[in-house]
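Visitor: Could you take me through one part of this chain up close? I'd like the surroundings too, in plain bench talk.

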Amino acid sequence: MNANEEKICPACGKVIHPSKRTAHNQKYCSEASCQKTREHEKKMRWRKKHESEWKQLANKYSAESHKRRREREKAMAKDLAIAEINGKDQQPRKNALLVGMAAFISHAKTCDEIVNFLARMERKGKALIESCLWK
Ligand SMILES: [Zn+2]
């Protein structure tokens, strides 16, 4: 192909004059948006050519991101449970006593079990208080 030959950029439609060095394969102009289009087209060609490989990769990354999200949620739940047990801002000693007693009474081994036990006891306590108030 002649180096001085004019080409039309398929992205923006501008006339381009590829340099001698790149004339054989330059199709797009140097505009950033056209280069972005060129990269995208390249990626799409690769995906089409390696479709099964691409699907495997996509599944792998999707599974990994799902796993990371689950781990993040677990860590957040644990932090919340610990914050709940420690009490956010007040009476650490009273909370420590309460948590210790709750663990002793319920034989709980984990933070989750203690938090669940305390929540159950709180519900029970509220129900008892309400029933006393209405009598
Ligand atoms: Zn262009």
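Visitor: To get my bearings, how many helices and strands are there in the protein chain? After that, please zoom in on Phe117.

Guide: The protein chain has 4 helices and 2 strands, and from the N terminus on they come in the order β-β-α-α-α-α. Those labels are DSSP runs numbered from the N terminus: H or I over at least four residues for a helix, E over at least two for a strand. Bear in mind that this is a predicted model, where local features need pLDDT of at least 70, side-chain atom pairs count only at pLDDT 80 or more, and totals for chains, interfaces and linings use all residues. Residue numbers start from 1 along each chain as its sequence is written.

A word on confidence, then. The pLDDT, the predictor's confidence in each residue from 0 to 100, averages 83 over the protein chain, with 87% of the residues at 70 or above. It is lowest in α3, with a mean of 79, and highest in strand β2 (residues 15–16), at 94.

Now to your residue. Phe117 sits in helix α4, which covers residues 111–133. The 23 residues of α4 should span 33 Å at 1.5 Å a residue, and the end C-alpha atoms are indeed 33 Å apart; the expected span is 1.5 Å times one less than the number of residues.

Is Phe117 buried, exposed or partly exposed? Phe117 is partly exposed, because 17 other C-beta atoms lie within 10 Å. The cut-offs are 20 or more such atoms for buried, 12 or fewer for exposed, and partly exposed in between, with C-beta atoms placed from the backbone. The buried residues of α4 are Ile114, Val115 and Leu118. Over the protein chain, buried residues make up 5% of the 135 residues.

So who touches Phe117? Leaving out neighbours within four places in sequence, Phe117 is in contact with Ala102, Ser106 and Ala108, a contact being two backbone-placed C-beta atoms within 7 Å. Ile105 is 12 residues away from Phe117 in sequence and 9.4 Å away in space, C-alpha to C-alpha.

Between the helices, have a look at His107, which lies in the loop between α3 (92–106) and α4. His107 is exposed, because just 8 other C-beta atoms lie within 10 Å. His107 also has a positive phi of about 60° without being a glycine. Most residues other than glycine have a negative phi.
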